[in-house]
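Thanks for sharing this one. Here are a few friendly notes to read alongside the model.

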Amino acid sequence: EGYWRGGVNSDEFFQCPNQGACLGVKPFENDDPEGECKEGFQGRLCAECADDYRQTVPYQCSKCPEIHYSVFQILLVVAAVVTFAWIVIKSTKAMAHRPKVLVPVYMRVLTNYIQ
């Protein structure tokens, strides 16, 4: 465990970057002479994420979120941007005739800074 065999006929073993991902060869349990990877990992040294998994930090994989969760996040970001734009426009129109009030100026500067 924690090591990957260099090849079928090799006596050379390599330490896996994420030792918990390399399960090694378990006689009578798996047929892969190079070793087996933990669920969510694949490839040499078990250093790649399997399908439906994503890399969170180097050599760590976690299951991808469900599609409805991603759609919800995107809609939430779009709603926040639209709300912020509406507030900027509304305050700019309201303060247009009051030259001494600097809120719209600060909001425009903040918007330009964020971009």
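**Notes on the backbone and surface**

1. Tyr 59 is partly exposed, at a relative accessible area of 40% (buried means under 20%, exposed over 50%, and partly exposed in between, with a 1.4 Å probe and protein chains only). Its place is the loop between strand 7 (53-57) and strand 8 (60-63). Phi of Tyr 59 is near 65 degrees, a positive value in a residue other than glycine.

2. A word on the basis: this is a predicted model, where local features need pLDDT of at least 70, side-chain atom pairs count only at pLDDT 80 or more, and totals for chains, interfaces and linings use all residues. Residues are numbered from 1 along each chain as its sequence is written, and side-chain values use heavy atoms, with hydrogens and water left out.

3. Please look at Cys 46 too, which has a positive phi of about 50 degrees without being a glycine. Cys 46 sits in the loop between strand 5 (41-42) and strand 6 (48-49) (strands are DSSP runs of E, at least two residues; helices are runs of H or I, at least four; both are numbered from the N terminus). With a relative accessible area of 2%, Cys 46 is buried.

4. On the surface, Phe 84, Leu 110, Tyr 113 and Ile 114 make up a nonpolar patch, together offering about 460 Å² of accessible area (Shrake-Rupley method, 1.4 Å probe, with only the protein chains shown as cover for residues). Nonpolar side chains (Val, Leu, Ile, Met, Phe, Trp, Tyr) are joined within 5 Å, from residues with over 30% relative accessible area and no salt bridge, that is, no side-chain nitrogen of Lys or Arg within 4 Å of a carboxyl oxygen of Asp or Glu.

5. Which helix gives the most to the nonpolar patch? Helix 2 (residues 103-114) does, with three residues. Tyr 113 lies in helix 2 and counts as exposed, at 71% relative accessibility.

Notes: Patches are made of residues with over 30% relative accessible area and no salt bridge: like charges are joined within 9 Å, nonpolar side chains (Val, Leu, Ile, Met, Phe, Trp, Tyr) within 5 Å.
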